[in-house]
Amino acid sequence: MTAVSPVAEDVSQRPDVARRMFRIAGRYTLINALIAIPLHLLIDAAGFGGTTATWKHGVVVLAVAGVVFAPIMETFMHFWLPIVVVRKVLGQRSGTPFVAWLACVGPFAYGHYGGDFGRSALTALCTGLVSGSCFYFCFLTAEKNVGISPFWTTALCHALFNGTVLVVFGLAYVLGFLS
């Protein structure tokens, strides 16, 4: 019987891990997009979308910030850190997942209020509840999968969602549906 090197075993598992990460992240990105985008459009159509503030830093900066930096920083601040802290403080009580969800979604919603996009409280609440919940459940789902990083899977989900939003609204702008 020959022993299999842990390095060789790890290398052979990488494609499977990446595939499972993308499957989990993709599932929650799709759920998020199917709920959040139409809801945001309804909020805007009803006149509750916020001010007409615009992004002044250019498309490249928007894409890099929205698809690379924001998902990593926000996953750390709004998902990984609150989940770890709540679990340390409360342990495995029955209310721990709900308190962790509140600790994630509340600050995430508040962080998406106002800013360079002029988001209204209703828009931030939509972002916090819908996107925040999708990212939270993505984190929990990834945790249950051996070998999958919940942090990186959630950051990937966030990046995929932000990229989807940029492409959808970018195309709508280029095609003249948005001004």
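**A tour of aromatic pairs and helix α4**

Begin by selecting F108 and F135, both of which are buried, and keep in mind along the way that this is a predicted model. With the two side chains shown, you will see an aromatic pair in edge-to-face arrangement, with 5.8 Å from centre to centre and 90° between the planes. F108 belongs to helix α3 while F135 sits in helix α4 (residues 121-143), so the pair ties together parts that are 27 residues apart in sequence. Now add F79 to the selection, since F79, F108 and F135 form one aromatic cluster.

From F135, extend the selection to the whole of α4, a helix that is mostly covered, with 17 of its 23 residues buried. If you place a distance between its end C-alpha atoms, you should find them 31 Å apart, which agrees with the 33 Å that the 23 residues of α4 should span at 1.5 Å a residue. Then centre the view on G132, where α4 has a kink of about 25°.

How many aromatic pairs does the model contain by the rule used here? The count comes to seven aromatic pairs, and one of them is formed by F98 and W101, whose rings are stacked at 5.8 Å centre to centre with 25° between the planes. Select these two residues in helix α3 (residues 96-111), where, being three residues apart, they are separated by about one helical turn. Switching on the surface, look at each partner in turn: F98 is exposed, with a relative accessible area of 51%, whereas W101 is buried, with a relative accessible area of 19%.

Key: Residues are numbered from 1 along each chain as its sequence is written. This is a predicted model: local features need pLDDT of at least 70, side-chain atom pairs count only at pLDDT 80 or more; totals for chains, interfaces and linings use all residues. Side-chain values use heavy atoms; hydrogens and water are left out. Rings of Phe, Tyr and Trp (its six-membered ring) pair if their centres lie within 6.5 Å; planes under 30 degrees apart count as stacked, over 60 as edge-to-face and the rest as tilted. Helices (H or I, at least four residues) and strands (E, at least two) are DSSP runs, numbered from the N terminus. Buried means under 20% relative accessible area, exposed over 50%, partly exposed in between (1.4 Å probe, protein chains only). The expected span of a helix is 1.5 Å times one less than its number of residues. The bend at a residue is the angle between axes fitted to the seven residues ending there and the seven starting there.
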